[in-house]
Amino acid sequence: MANEDPLERIEREERERKEKKGPRTVMTILACVAAALALVLGYLLYQRSTLVKALEGEKTELAQQMKDLQSDFSQLSSDYDSINSQLDTSREQVAMLIEKLNHTEATNRAKIRQYEKELGTLRTIMKGYIVQIDSLNTLNKKLTADAAAARREAAEARSANEELTAQVEDLSSKVSAGKVLKARAVSLTGYYSNNKPGDRHSRVDYMVAGLTLVENSLADRGPVRVYVRVKDPEGILLMNNESTEFSVKGEVLQATASREVDYEGAEVDLSIYINDIEEYVKGVYTLEVYTEKSLLGKAECMLR
């Protein structure tokens with residue numbers, strides 16, 4: 001080295017400096033890249049955490065709305081068996097919806113949105129119940145008031161005209177009872193092949209629509225054909241070889257099944273079988289019962 005040429009020494013030192021500088025530069029670049037990636041990852045984790053918290057909040061709020069609706073349904077009641085039966089079905093639907101929400105992750109936005117729509121539908125149904133109950137209560141009050149007024153008029157005129165008293169009492173009776181045929185205890189039930197009732201859709205072999213034609217001394221006597229329309233959870237009418245058409249108030253409708261009974265003014269219990277349906281699916285089946293003069297009632301059946 002003592003005899004090394006000065007120019008060669010300078011070149012050698014320059015090469016050594018470059019060789020040392022290269023790895024340090026690479027390490028510096030890699031460290032910068034790692035720091036940048038760490039920042040990006042931290043930001044993404046923060047965004048995800050914020051989104052999850054927001055979704056959890058939405059789920060909590062939806063759960064509270066469901067509980068509020070459940071409380072509203074529990075306070076709703078009527079003096080009519082058919083409406084009370086429908087209320088029981090709706091209460092069961094709310095309870096099932098709450099259970100489904102409890103078993104669903106907040107991040108499953110599709111399911112959460114579906115439950116919001118179902119909640120909106122149940123709210124609409126409850127409003128319909130309220131309107132129906134209020135209307136019936138108002139009508140009953142009016143009929144009661146009319147009957148009371150008629151009785152007062154009859155009492156005032158009894159001493160002068162016994163025939164008029166009889167006419168007023170008859171009018172009072174017609175106002176309170178009416179001539180329209182009515183039904184109560186409308187129901188729809190699934191049955192297994194062993195003829196036992198059940199609600200497991202995969203085992204249901206047939207369904208039975210049940211109802212009672214109430215006693216009405218003013219109603220027309222004679223043969224009455226009762227028609228049932230049963231729709232599946234998608235709103236599609238169940239059809240088989242017993243299906244037929246009928247007309248009510250000028251509108252032609254398809255019926256799933258029908259049965260004729262001899263009505264003589266006394267109470268009549270009847271069942272109408274829905275057979276030969278290819279398969280039943282999970283969900284709520286709806287029933288509508290008609291005569292050719294009016295709608296007798298509705299009911300629902302939940303299959304699991």
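This section describes two sheets, one helix, one pocket and several single residues in a predicted model.

The sheet of 4 strands is open, and its strands follow the order β6-β3-β8-β9 with antiparallel pairing. At its edges stand β6 (257-263) and β9 (295-303), each of which pairs on one side only. From one strand to the next, the twist averages 20 degrees.

The pairings can be followed across this sheet in order. Strand β3 (residues 222-231) is joined to β6 by 7 bridges, and the two run antiparallel. Within this pair, Val 224 stands opposite Val 261 of β6. The pairing of β3 with β8 is also antiparallel and extends over 5 bridges. Here Val 230 has Leu 287 of β8 as its bridge partner. Between β8 and β9 there are 8 bridges, again in the antiparallel sense. One facing pair in these two strands is Val 284 and Met 302, the latter in β9. The strands β8 and β9 form a hairpin, with 4 residues between them. Strand β8 is mostly covered, since 7 of its 8 residues are buried. In general, the side chains of a regular strand alternate between the two faces of the sheet.

A helix packs against part of this sheet. Helix α2 (residues 81-102) lies across β8 (283-290) and β9, and runs at about 30 degrees to β9. Ser 90 belongs to helix α2. The relative accessibility of Ser 90 is 1%, so this residue counts as buried, the limit for buried being under 20%. Apart from neighbours within four places in sequence, Ser 90 is in contact with Phe 73, Leu 122, Ile 125 and Tyr 129.

Helix α2 and the strands β8 and β9 also take part in a pocket. The second largest pocket has a volume of about 740 Å³. Its lining consists of 23 residues, and those nearest the centre of the pocket are Gln 93, Glu 118, Gly 283, Val 284 and Met 302. Two or more lining residues come from each of the elements α2, α3 (109-157), β8 and β9. The largest contribution to the lining of the second largest pocket is that of α3, which gives 6 residues. Sorted by class, the lining of this pocket holds 8 nonpolar, 6 polar and 9 charged residues. Val 284 and Met 302, which are among the residues nearest the pocket centre, are also the pair that stand opposite each other in β8 and β9.

A further open sheet is formed by 3 strands in the order β1-β2-β7, with antiparallel pairing. Strands β1 (183-191) and β7 (268-274) stand at the edges and have a single partner strand each, so one side of each is left without a neighbour in the sheet. On average, neighbouring strands of this sheet are turned by 15 degrees against each other, with direction ignored. Strand β2 (residues 206-213) runs antiparallel to β7, and 7 bridges join the two.

Leu 211 is located in strand β2, and its bridge partner in β7 is Leu 270. Leu 211 counts as buried because its relative accessibility is 3%, which is to be read against the limit of under 20%. Residues up to four places away in sequence aside, Leu 211 touches Ala 183, Arg 184, Ala 185, Val 186, Val 226, Val 268, Asp 269, Leu 270, Val 289 and Leu 296. Leu 188 is 23 residues from Leu 211 along the chain, and the C-alpha atoms of these two residues are separated by 9.0 Å.

Two loop residues have backbone angles of note. Most residues other than glycine have a negative phi. Asn 195, found in the loop between β1 and β2, has a positive phi near 70 degrees and is not a glycine. Asp 276 is likewise not a glycine, and its phi is positive at about 60 degrees. Asp 276 is placed in the loop between β7 and β8. With a relative accessibility of 56%, Asp 276 counts as exposed, the limit for exposed being over 50%.

How values were computed
Residues are numbered from 1 along each chain as its sequence is written. This is a predicted model: local features need pLDDT of at least 70, side-chain atom pairs count only at pLDDT 80 or more; totals for chains, interfaces and linings use all residues. Side-chain values use heavy atoms; hydrogens and water are left out. Two strands pair if DSSP finds at least two bridges between them. Axes are lines fitted to C-alpha atoms, for helices over the stretch in contact, and angles run from 0 to 180 degrees between N-to-C directions. Contact means heavy atoms within 4.5 Å. On a 1 Å grid over the protein atoms alone, a cavity is a set of points where a 1.4 Å probe fits but cannot get out, and a pocket is an open set with protein on both sides within 12 Å along at least five of seven lines; lining residues have an atom within 4 Å of a point. Grid points are joined across faces, edges and corners, and a volume is the space filled by probe spheres set on the points. Ala, Val, Leu, Ile, Met, Phe, Trp, Tyr, Cys and Pro count as nonpolar, Asp, Glu, Lys and Arg as charged, and the others, Gly among them, as polar. Buried means under 20% relative accessible area, exposed over 50%, partly exposed in between (1.4 Å probe, protein chains only).
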